[in-house]
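Let's take a stroll through this one together, a stop at a time. Have the structure open and ready to rotate.

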Amino acid sequence: EKKGDWFASLGHYRQAALDEPPLKLGVAQQVFYAQNKYDDAQTRYHQHLAALRASGKTAEANDLEARLKARDSAPNFDEKYRAAMQSAIQAITQRRFSEAEASTRDAIAIAEKFQPIDGRLPEAVGQLGNVYIWRLEYAQAKKAFNRQLALVETLYGPQSPLLATPLQNLA
């Protein structure tokens, strides 16, 4: 941002906001408030655009704005997946289980689009099982955890140590 590279700067702020884990109540943790910093950076960006236009550099402002809009409108499934998972986790911590289920189902739909299938799909399916556990819907949770186990076994093999998480979830 200080070097005038708004394209990269806003991308870094956005990624930091997506990567910051949600606050855990009653647990000491380091907090960066990345979403607030991203919002502040967007405000400074809009002020920069206004200053460019006021100084007669409308073409430069329009070009910068068009580049950012093109980047933001391009489908980035990894970012969408991570945002959906983050939203689900935040909804669970705030006890909004129907919203958590919807976000988790979005994450599953996105993870199913990745080819070849990778570890994101079993992660999302396990998260759906966790939502069901919170809602005390044990039969649904068992189905989700069985699917998670099958996916992990298919991806990593029947002797993989990564089977521990789905097995623990089933237990």
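Before we start, a word on helix numbering: helices here are DSSP runs of H or I with at least four residues, numbered from the N terminus. Keep in mind too that this is a predicted model.

With that in hand, go to the second largest pocket, which has a volume of about 160 Å³. Which helix gives the largest share of its lining? That would be helix 3, with five residues. Helix 3 spans 58-73, and both helix 3 and helix 2 (34-54) supply at least two residues each to the lining. If you want to click through the residues around the pocket, pick out Leu10, Tyr38, Gln42, Tyr45 and His46, then carry on to Glu65, Leu68, Lys69, Arg71 and Asp72. Sorted by class, that lining comes to four nonpolar, two polar and four charged residues.

Now move along the chain to helix 4 (residues 77-93) and look across at helix 6 (residues 120-134). Their axes sit 11 Å apart, and the two helices pack at an angle of about 20 degrees. Angles under 35 degrees count as roughly parallel, and helix 4 and helix 6 are therefore roughly parallel to each other. As for handedness, helix 4 and helix 6 make a left-handed crossing.

What does each side bring to this contact? From helix 4 come Asp78, Tyr81, Met85, Ile89 and Ile92, and they meet Arg120, Glu123, Ala124, Gln127, Val131 and Trp134 of helix 6. By class, the contact between the two helices has seven nonpolar residues, one polar and three charged.

Last stop: the loops, where a few backbone details deserve a look. Some background helps here: most residues other than glycine have a negative phi, and most peptide bonds are trans.

Start in the loop between helix 4 and helix 5, which is where you'll find Arg95. Arg95 isn't a glycine, yet its phi is positive, at about 60 degrees. Next comes the loop between helix 5 (97-113) and helix 6, home to Pro116. Is the peptide bond from Gln115 to Pro116 cis or trans? It's cis, with omega near -5 degrees. Finally, slide past helix 6 to the loop that leads to helix 7 (138-156), where Leu136 sits. Leu136 is another residue other than glycine with a positive phi, this one near 65 degrees.

Notes:
Residues are numbered from 1 along each chain as its sequence is written. This is a predicted model: local features need pLDDT of at least 70, side-chain atom pairs count only at pLDDT 80 or more; totals for chains, interfaces and linings use all residues. Side-chain values use heavy atoms; hydrogens and water are left out. Axes are lines fitted to C-alpha atoms, for helices over the stretch in contact, and angles run from 0 to 180 degrees between N-to-C directions. Angles under 35 degrees count as roughly parallel, over 145 as roughly antiparallel, 65 to 115 as roughly perpendicular and the rest as oblique. A crossing is left-handed if the near helix is turned anticlockwise from the far one by less than a right angle, and right-handed if clockwise. Contact means heavy atoms within 4.5 Å. Ala, Val, Leu, Ile, Met, Phe, Trp, Tyr, Cys and Pro count as nonpolar, Asp, Glu, Lys and Arg as charged, and the others, Gly among them, as polar. On a 1 Å grid over the protein atoms alone, a cavity is a set of points where a 1.4 Å probe fits but cannot get out, and a pocket is an open set with protein on both sides within 12 Å along at least five of seven lines; lining residues have an atom within 4 Å of a point. Grid points are joined across faces, edges and corners, and a volume is the space filled by probe spheres set on the points.
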